[in-house]
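This report walks through one structure, from the whole chain down to single residues. The sequence and the model come first.

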Amino acid sequence: MKLWYSFSKELSLSSKSWYFYIEVGMSVVLLLILLFVIPENFDSNGKQYLYLDLPQVVRDRYEKSLLEEDLDETVELVELEADDRTFAAALYETEESKIYLLDTKEALDAVSESERVPVVHVRVNEDNQIIHTYYLQGYETSKLRNLLMVYHNRLAGHDVIEDYSDNIEVRKLYQEARPLSDKENIIPVFLTFNGSLMSLFIIAAYIFLDKNEGIVKAYAITASSVWHYLLSKIGVIIVTSIVTTLIVTVPIMGLQPNYLAMLLFVVSSGFFAASLGLFLTSFYKDIVEAFGAMYIVIVIMIMPSISYFTPSWDPYWVKIIPSYAMLQSFKEIISVDGNMAYVMVASLGFAVLGLDIFILANYRFKKTLSL
Amino acid sequence: MDEGMNKMIKVSNLYHSYSNDDNYAVKDVSFEIEKGEIFGFLGPSGAGKSTTQNILVGLLQLQQGQVEVAGYDVKHIKNKMFNKIGMSFEQSNVYNKMSGLENLEFYRKLFDVETKDPMDLIKLVGLEGKENIKAGKYSKGMKHRLTFARSMINNPEMWFLDEPTTGLDPAIASEIKDIIKREKEKGVTIFLTTHNMYIADELCDRVAFIVDGTIRLIDSPKALKLKYGEKLVDVEYFKDGELIKDSFSTVIKEEKERLVEVISKYDIQTMHTKEATLEEIFIKVTGRGLV
């Protein structure tokens, strides 16, 4: 009963504090970014600029082959701004790239100067050979340069590469799983950092505010246990996390996520993060002293997001950082037919780990009440 | 009846070091407090008053020594102990975002015993009419009174008061002292921590002088005055047109006779009896001031 009184009091106090509105406000900002700034899928089509300095007959063949690959099989006449001048260009849009055919070498040079991308001058030499001259920018890797040379080699050229790549078999590990769009793929990152990991900072702010006002001491001289006080704080943090998680998820994902699993995971991961925050605060007098330790923890927790966006970089040590499991779990939760077994195991793990850290934090707080 | 039953606090050989070495903030402190007694713990800042008090109420962990409060061993504190004790802190520590009344309503729910009506406490400390204002908007004195009122919410048998009148205007301070006296009459035991010797003199049955972590003496203010004070009368009188200032002992026969002579022969301007104050005794005993 005393735990309930403490929790309802904390809930009432947090509704009057800035921190609560900062968290809710941040989740609304993230939602607006997702809705209006981030596209459903990022435009990964590369832009290619070519000047075909070729006899008309060869040029026609080139253009015909481009037209066949164009998505709507029509050429679009556009104007390009480059180097403070305007140039006419023909745009062919294929599945993989946007190809601009320029009319003059001067236009090609201007685009190379202003767009900072490689451009290609295609011409015929004295031996009637088609020569591709690439104007690179200097930042291209040796791998790309080698690839360009191989691509135009007669023996190991693009026909051979195409034959080889066409015969590569691609098998999906989860046949039923529909991949998330680029926009949806960002949601787990927002949920992990705005939901679970912000708990670490916010609970520290709440505790230091109370320490500063001597509230913890006053509470300690009552017949209620210190752990009631600490758990009621965590309860408030978890409620806030649930609210912010739903604010970000529902408008974007609708009914697709497994909300029951999401609720369970937000509670367990929030409990873990808040307990960790409590444990850290028990060593320090105020937030200024604690900031160094908090900063280190947050930086470590950010590392798995690099792996999340760059799957090829996935060393073993990154997988043991808790935010790795948080990111993966949120991803499974919002995916169609996501791996719920992973989410359940992660939830259980965070609950057990959180409980251990909470017990330690409670012990530390009892020892440092007069600080 | 067991003698121990009348002791509300028993402290023996208490040591405490913040750095966990021989640099003790409190050294070999021993004392006992009778049920219904007001015990003053007096000393300058950094003497060890707060350390001792924090150990007694469980805010600091007991490292060495034996401490019993209201029948509970402080080494193994139980929540039940706090039903019997109350503490008024020197620094006000109330929820600023809650009103005075909400503060008291919340704290009363944290005890397992019958509690006082928060509104009665609000009236008792003169905050009537301000009970619904957020505590953050209270003046320093009002917050202090709210903290004081909160310490009474659970009808404590053992009441810890840390500088209870600091920062209060004389009228309010006088009311607070009256409340303390009334609670004592009801049988409440009071541990009063202060460096204000006048308050201690007025309220305490016994006082302990603590300096550099050790208790220098424990006795009643009256006994201390008898032991360390001198009974003097300061007199200012005109003799041959000149203002003379002189002091006369009221216990030495020759001086008493001389005082009578002065009174009968000269024009007296001022005359004051002068007992030694508790502060003077403290300085005499410890060789230290109280600041």
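In chain A, among contacts between residues at least 6 apart in sequence, 70% join residues at least 24 apart. The model is a predicted one.

**Overall form of chain A**

The secondary structure of chain A consists of 14 helices and six strands. Its radius of gyration is 29 Å, whereas a compact globule of 371 residues would have a value near 21 Å. Along the principal axes, the C-alpha atoms fill a box of roughly 95 × 45 × 35 Å. Of the 371 residues in chain A, 34% are buried.

The domain assignment splits chain A into two domains, and domain 1 is made of two stretches of sequence, 2-39 and 181-367. Domain 2 covers 46-166. Taken over C-alpha atoms, the centres of the two domains are 50 Å apart.

**Contact with chain B**

Chain A gives 19 residues to the contact with chain B, and chain B gives 23 residues. On the side of chain A, the elements that give two or more residues are helix 1 (2-14) and helix 8 (215-220). The classes of the residues on that side are listed below.

| Class on the side of chain A that touches chain B | Number of residues |
|---|---|
| Nonpolar | eight residues |
| Polar | five residues |
| Charged | six residues |

**Helix 1 of chain A**

Helix 1 of chain A has 13 residues, and its first and last C-alpha atoms are 18 Å apart, close to the 18 Å expected at 1.5 Å a residue. Its buried residues are Ser6(A), Lys9(A), Glu10(A), Leu13(A) and Ser14(A). Seen down the axis of helix 1, these buried residues fall within an arc of 130°, so they line one face of the helix. An α-helix has 3.6 residues a turn, so residues three or four places apart point the same way.

What do the buried residues of helix 1 of chain A pack against? Within chain A, they pack against helix 2 (18-36) and helix 9 (226-253). In chain B, they pack against helix 3 (100-108).

**Met326(A)**

Helix 13 of chain A, residues 322-334, contains Met326(A). Is Met326(A) buried or exposed? Met326(A) is buried, because 28 other C-beta atoms lie within 10 Å, and 20 or more are needed for a residue to count as buried. Met326(A) and Ser347(A) are 21 residues apart along the chain, and their C-alpha atoms are separated by 9.1 Å.

Notes. Residues are numbered from 1 along each chain as its sequence is written. Chains are lettered from A and ligands numbered from 1 in the order in which they are written. This is a predicted model: local features need pLDDT of at least 70, side-chain atom pairs count only at pLDDT 80 or more; totals for chains, interfaces and linings use all residues. Helices (H or I, at least four residues) and strands (E, at least two) are DSSP runs, numbered from the N terminus. The radius of gyration is taken over C-alpha atoms; the globule rule is 2.2 Å times the number of residues to the power 0.38. A residue is buried if 20 or more other C-beta atoms lie within 10 Å of its own, exposed if 12 or fewer, and partly exposed in between; C-beta atoms are placed from the backbone. Two residues are in contact if their C-beta atoms, placed from the backbone, lie within 7 Å. Domain bounds come from an automatic or database domain assignment. Ala, Val, Leu, Ile, Met, Phe, Trp, Tyr, Cys and Pro count as nonpolar, Asp, Glu, Lys and Arg as charged, and the others, Gly among them, as polar. The expected span of a helix is 1.5 Å times one less than its number of residues. The arc is that of the directions from the helix axis to the C-beta atoms.
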